[in-house]
Amino acid sequence: MKLWKGRFSKAATSSADEFNASIGFDQRLYKEDITGSMAHAEMLGRQGIITPEESALIIKTLGEILDDIEAGKVEFTIESEDIHMNIESILTERIGDVGKKLHTARSRNDQIAVDIRLYLKNETALLDASLKALTDALEKLAKEHTDTVMPGYTHLQRAQPVTLAYHLLAYYQMFSRDRERFADCLDRIDRLPLGSGALAGTTYDTDRDFLAEKLGFSQVLPNGMDAVADRDFAIEFINCCAITMMHLSRFCEELILWSSAEFGFIEIDDSFSTGSSIMPQKKNPDMAELIRGKTGRVYGDLMSLLTICKGLPLAYNKDLQEDKITVFDAADNLKASVDIFTEMILTMDVKKDSMEKAARYGYMNATDAADYLVSKGLPFRDCHEIIGKMVLYCINRGIALEDLTMDEFKSFSDKFDDDIYDKISIRSCISAKKSKGSTSFDSVAAQLAEIDGSKK
């Protein structure tokens with residue numbers, strides 16, 4: 001039975017019922033909806049809007065309904081449209097007219113707004129826990145690979161030698177900022193809309209401050225129209241999801257490349273790989289590829305909700321029913337991606353020798369050779385040109401810079417001396433970096449120490 005049917009003389013068609021209903025996806029908010037309703041019922045009783053006995057009966061029965069839902073004993077119906085009306089209908093079936101009093105001083109508009117905020121508060125906490133597990137995994141791997149040398153890249157071309165620990169700590173910083181973004185977003189999620197009514201408030205003497213305290217909100221939204229009409233907090237949440245997925249996708253792109261025969265830097269564990277239905281030799285990095293693919297899906301969730309909201313006049317419009325699909329999809333895909341990614345990197349096999357070999361034969365010590373000449377008094381631009389010619393000379397002969405004889409070095413500049421060999425060795429190039437935040441072994445140790453210190 002429609003709880004709003006009084007004004008209508010004709011029933012909706014079955015196709016309209018099906019098109020209008022949101023119970024197919026918003027049923028997952030049953031716990032948040034019941035939690036909000038229990039607080040609302042308690043407030044109604046405290047304020048004398050309903051009797052204390054009615055309040056207690058409603059709260060008790062809602063708790064029983066929650067237990068029955070979680071035990072799989074409740075079937076929701078399309079006829080009741082959404083999670084709110086399904087639960088209210090079940091409540092009324094069980095306790096009669098007293099159940100009908102629950103919706104006093106409330107609208108589905110502020111009801112769904114509080115449900116989605118309660119859901120996002122919980123999801124933000126779960127995502128933060130997953131991201132913390134990921135940053136802990138990156139820290140662990142970095143500590144294991146402080147001496148693992150690899151090429152650093154720009155334009156996907158070998159650029160300068162770094163350590164794997166340094167590379168991993170770059171992602172540690174990205175995911176740490178993602179955690180900060182979610183924490184900052186939580187501040188705007190953590191505001192109570194319940195008690196705003198449909199848009200203009202209510203004539204009943206309600207206590208929204210009590211509701212905020214009861215439901216664990218840090219503050220009350222001051223304007224009822226804004227409280228029911230805007231979803232900027234949900235857009236911001238999905239934006240945080242999208243940025244985090246972008247960081248995951250970049251890392252996955254590297255793992256996909258690194259696991260190829262052309263790179264040979266890592267091998268992804270069999271438990272996170274798949275094979276080919278036709279090519280027996282294949283071992284595919286499908287988990288990493290799926291994360292990369294799901295990133296586009298989360299971007300789509302962000303654009304969907306932005307587009308849904310962009311032309312809405314105040315206050316509530318039915319368009320906002322679609323917000324939950326995008327929020328659920330973004331949160332589900334991000335959490336699944338972070339969790340599987342964390343497991344995957346903790347089990348991958350790092351090919352240290354292959355990484356170091358790639359670092360030794362990519363002319364990545366060219367900048368250090370130029371810096372060597374700078375230390376001998378030459379202008380950097382002149383040094384850049386000299387070393388560029390030396391690299392071309394080596395490429396044409398298929399040798400590395402450190403393979404040049406001293407006579408060959410001096411044919412390019414008489415400033416070269418025997419100490420050049422030590423200066424352009426891969427580990428010397430890494431150690432020579434002095435700036436804070438660099439790839440030097442000392443700097444990476446300091447970065448790890450700072451991470452450890454921040455936990456105390």
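Trainee: What phi does Gly-48 take just after helix 3?

Mentor: A positive one, about 75 degrees. Helices here are DSSP runs of H or I (at least four residues), strands are runs of E (at least two), and they're numbered from the N terminus. This is a predicted model: local features need pLDDT of at least 70, side-chain atom pairs count only at pLDDT 80 or more, and totals for chains, interfaces and linings use all residues. Residues are numbered from 1 along each chain as its sequence is written, and side-chain values use heavy atoms, leaving out hydrogens and water.

Trainee: How do you know what helix 3 should span?

Mentor: Take 1.5 Å times one less than the number of residues. With 17 residues (30-46), helix 3 should span 24 Å; its end C-alpha atoms are 24 Å apart, so that agrees.

Trainee: Why is helix 3 called largely enclosed?

Mentor: Buried means under 20% relative accessible area, exposed over 50%, partly exposed in between (1.4 Å probe, protein chains only). In helix 3, 12 of the 17 residues are buried, so the rest of the structure largely encloses it. Tyr-30 and His-40 are among them.

Trainee: And why is Leu-199 called partly exposed?

Mentor: Its relative accessibility is 37%, so it fits the in-between class. You'll find Leu-199 in the loop between strand 3 (191-192) and helix 9 (208-215).

Trainee: What makes Phe-237 and Phe-341 stand out in the largest nonpolar core?

Mentor: A nonpolar core is a set of buried Ala, Val, Leu, Ile, Met, Phe, Trp, Tyr and Cys residues joined through side-chain atoms within 4.5 Å. Of its 68 residues, those two touch the most other members. Helix 11 gives the most to this core, 15 residues.
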